[in-house]
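This report describes the fold of a single protein chain. It takes up its strands and sheets, its nonpolar core and its overall dimensions in turn.

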Amino acid sequence: MNTRRDLAVRPVRNGRGIVALRGFRRGATVCRIRGRIVGADAVWAYWRHGNTRRGENCFRFDADRYLDPEGEIGAWANHACNPNTGIVKDARGLKLVAIRAIAAGEEVTHDYSTLLGADDVWTMRCNCGDADCRRTVRNVAKLPLAALRRYRRLGVIPRFILSTRA
Ligand SMILES: [Zn+2]
């Protein structure tokens, strides 16, 4: 995995996003999410100060901390309702893992709901273009049952998300 050689930030369906420059096999690590670990207060401050993009880009890291990918490629990771990667947390942090084969030229996407705990009230309009687009992205507790089961089977919902309660 060499982020600079394997991935690029390019224009995609909705603004800019991460595009694969080579193919990835199912199960391959596509990208590590690098950035700064910040508290929920820092994320709220981005919103309060009108920097909604930066707030939206933050990845939940555990029960009360977030990973702010500002300045890193992870800041361009877009949502899709039928994504080609999933979020996995390991000892080194968060990474995007291919949940199906990815071809060169494809946008690398993940499902934001897999990092939105049941206690998370944030929602987002979606225009990902998939036939099964949910239109509104909500927290993990509101995922359609089939999607929840599939993501759980694939291991792409971190444990700290599954253990959240509304
Ligand atoms: Zn969608």
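## The sheet around β9

In strand pairing with β9, Lys 89 has Leu 94 as the residue opposite. The model in which this pairing is found is a predicted one. Strands β8 and β9 are joined as a hairpin, with two residues between them. Their pairing is antiparallel and extends over six bridges. On β3, Thr 29 faces Val 97 of β9, and the pairing of β3 with β9 is antiparallel over three bridges.

These pairings belong to an open sheet of three strands, ordered β3-β9-β8 and antiparallel. The edges are formed by β3 and β8 (85–90), each of which pairs on one side only. On average, neighbouring strands of this sheet are turned by 30° against each other, direction being ignored. In general, strands of a sheet pair through backbone hydrogen bonds, in either a parallel or an antiparallel manner.

## The sheet of β4, β6 and β5

An open sheet of three strands, again with antiparallel pairing, has the order β4-β6-β5. Strands β4 (36–39) and β5 (59–60) each have a single partner strand and stand at the edges, so one side of each is left without a neighbour in the sheet. The antiparallel pairing of β5 with β6 (residues 65–68) comprises two bridges. Here Arg 60 is the residue opposite Tyr 66 in β6. Helix α2 (residues 40–48) packs on this sheet, where it touches β4 and β6, and the direction of α2 makes about 85° with that of β4.

## Arg 65 in strand β6

Strand β6 contains Arg 65. Is this residue, Arg 65, buried or exposed? It falls between the two: Arg 65 has 17 C-beta neighbours inside 10 Å and therefore counts as partly exposed, since a buried residue requires 20 or more and an exposed one has 12 or fewer.

Apart from neighbours within four places in sequence, Arg 65 is in contact with Ile 37, Val 38 and Gly 39. Ile 37 lies 28 residues away from Arg 65 along the chain, yet their C-alpha atoms are separated by 6.7 Å.

## The largest nonpolar core

The largest nonpolar core holds 40 residues, and those that touch the most other members are Ile 18, Val 30, Cys 31, Phe 59, Leu 67, Leu 96 and Val 108. At least two residues of this core come from each of β2 (16–20), β3 (29–32), α2, β6 and β9 (93–98). The largest contribution is that of β9, with four residues.

Which residues does Leu 96 contact, its neighbours within four places in sequence left aside? The contacts of Leu 96 are Val 30, Cys 31, Ile 33, Ala 77, Thr 85, Ile 87, Val 108 and His 110. Among these, Val 30, Cys 31 and Val 108 are also named with Leu 96 as core residues that touch the most other members.

## Overall dimensions

The secondary structure of the protein consists of five helices and twelve strands. The radius of gyration is 15 Å, close to the 15 Å given by the globule rule for 166 residues, so the protein is as compact as a globular protein of that length. Along the principal axes, the C-alpha atoms fill a box of roughly 40 × 35 × 35 Å.

Of the 166 residues, 36% count as buried. Among contacts with a separation of 6 or more, 68% are between residues 24 or more positions apart.

Note on methods. Residues numbered from 1 in each chain as written. Predicted model: local features only at pLDDT ≥ 70, side-chain atom pairs only at ≥ 80, totals over all residues. Pairing = 2+ DSSP bridges. Contact = placed C-beta atoms within 7 Å. Axes fitted to C-alpha atoms, helices over the stretch in contact; angles between N-to-C directions. Core = buried A, V, L, I, M, F, W, Y, C linked by C-beta atoms within 7 Å. Rg over C-alpha atoms; globule rule 2.2 N^0.38 Å.
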